Amino acid sequence: MNVHVYKDFEALSKEAAKRVEQQIEEKSASVLGLATGSTPIGLYRKMSEGVKKRGMSYRNVQTINLDEYLGLDPEHPRSYHTFMDEHLFKFIDIPEENRHLPNGKPDSVEEECRRYERLIDSIGPIDLQILGLGTNGHIGFNEPGTEEDEETHCVKLADSTREDNARFFGSIDEVPTHAITMGIRSILKSKEILLLASGKSKAEAVKTLLEKKVTKDFPASFLWNHYNVTLMVDQEAYGLVKTEGR
Ligand code: GLP
């Protein structure tokens, strides 16, 4: 795992966007794996600026999002479909049919999970997967206790995750209890992974990750089993890492 430490959220977002743009310049029909949450918002803003100010184009790109809340229509204001529209898709020229997220209201959850994994395998492998980091070490919605060989599946959200995400919903009671998420195995199929972490609230999780102990109690630690992962972190999120001898 490469570890890059940046001054702040702005610098981190700028460098992450540079890597995404470089990927698209090298291969215009790239497959990008996308994440939601506060952390990638800066990256998405920079990508949007690239389209507006520098003529970047995503017209041949396919995107595959990590997860979606179960029980929310795509049009629901707090669905990840809506999040992606508001923070990225409405600002870039990616065709609608090239944007993929799990359906949060499927007739059959099992069938939807199978469909999504088949989709990853058919248009993938993902060239560049963006990940945020949950305070409990989750990636996507792979909560502590998840197995490394899981593909897309339905999860019961951890209480801590529902508390963390209550800020988007107004109250914890409105946060869905379940979600569909790409599994660890689905994520590790990607050719390259960028894991982003920003702010003091992530410092403990970053410290745990960098202890290099691979365990299902801290799902992000499975990233140590991938050959091409870069952790992009700002100084606040890096604040608890002991740097002597590194
Ligand atoms: C959410 C998402 C994850 C995200 C994480 C961190 O629950 N499912 O994909 O990485 O939590 O979110 P944030 O960036 O807001 O801290």
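**Exercise 1. The ligand and its contacts**

Task: In this predicted model, find which atom of Ser38 lies 2.7 Å from an oxygen atom of the ligand, and then describe the surroundings of the ligand.

Solution: Begin with Ser38, where a polar atom of the backbone is 2.7 Å from a ligand oxygen atom. Move next to Thr39, which brings a polar atom of its side chain to 2.4 Å from an oxygen atom of the ligand. Then turn to Lys202, whose side chain has an N or O atom at 2.5 Å from a ligand oxygen atom. With these contacts in view, consider the cover: the ligand on its own has 390 Å² of accessible area, and the protein covers 94% of that area. Widening the view, one counts 14 residues around the ligand, and the closest are Ser38, Thr39, Asp67, Arg167 and Lys202. Sorted by class, this shell consists of three nonpolar, eight polar and three charged residues. As a last step, look at the space that the ligand takes, which is the largest pocket.

**Exercise 2. Two residues of helix 4**

Task: Decide for Glu111 whether it is buried, partly exposed or exposed, and do likewise for Cys113.

Solution: Locate the helix before the residues: helix 4 runs over residues 109–123 and contains Glu111, and Cys113 lies in helix 4 as well. For Glu111 the relative accessibility is 32%, which falls between the limits of 20% and 50%, so Glu111 counts as partly exposed. For Cys113 the relative accessible area is 7%, and because this is under 20%, Cys113 is buried. Distances along the chain and in space can then be set side by side: Glu111 and Phe218 are 107 residues apart in sequence, with 28 Å between their C-alpha atoms, whereas Cys113 and Thr152 are 39 residues apart in sequence, with 5.2 Å from C-alpha to C-alpha.

**Exercise 3. From Thr152 back to helix 4**

Task: Work out where Thr152 is placed, and whether Thr152 is buried or exposed.

Solution: Thr152 belongs to the loop that links strand 6 with strand 7 (153–156). Its relative accessibility is 9%, and since this value is under 20%, Thr152 counts as buried. The C-alpha atom of Thr152 is separated by 9.3 Å from that of Glu110, a residue 42 positions away along the chain.

**Exercise 4. Backbone geometry in two loops**

Task: Identify which kind of peptide bond joins Gly124 and Pro125, and say what is notable about the phi of Lys212.

Solution: Start with omega, which is about 5° for the bond between Gly124 and Pro125, a cis peptide bond. Pro125 itself is placed in the loop between helix 4 and strand 6 (128–131). Continue with Lys212, which is not a glycine and yet has a positive phi of about 65°. This residue, Lys212, is found in the loop that runs between helix 7 (203–209) and strand 10 (229–234). Finally, the relative accessibility of Lys212 is 54%, and because this is over 50%, Lys212 counts as exposed.

**Exercise 5. The beginning of the chain**

Task: Find how many residues along the chain lie between the positions of Asn2 and Val229, and what separates their C-alpha atoms in space.

Solution: Place Asn2 in strand 1, which covers residues 2–6. At 40% relative accessibility, a value between 20% and 50%, Asn2 counts as partly exposed. Then compare the two separations: Asn2 and Val229 are 227 residues apart along the chain, while their C-alpha atoms are separated by 6.3 Å.

Note on methods
Residues numbered from 1 in each chain as written. Predicted model: local features only at pLDDT ≥ 70, side-chain atom pairs only at ≥ 80, totals over all residues. Heavy atoms only, no water. Buried < 20%, exposed > 50% of the residue type's maximum accessible area, 1.4 Å probe, protein only. Near = heavy atom within 4 Å. Polar contact = N/O pair within 3.5 Å; in protein donor to acceptor, adjacent residues only side chain to side chain. Areas by Shrake-Rupley, 256 points an atom, 1.4 Å probe, with all protein chains shown as cover. 1 Å grid on protein atoms, 1.4 Å probe; cavity = no way out; pocket = protein on both sides within 12 Å on 5 of 7 lines; lining within 4 Å. Sits in = over half its atoms within 2 Å of the grid points. Nonpolar A, V, L, I, M, F, W, Y, C, P; charged D, E, K, R; others polar. Helix = DSSP H or I, 4+ residues; strand = E, 2+ residues; numbered from the N terminus.
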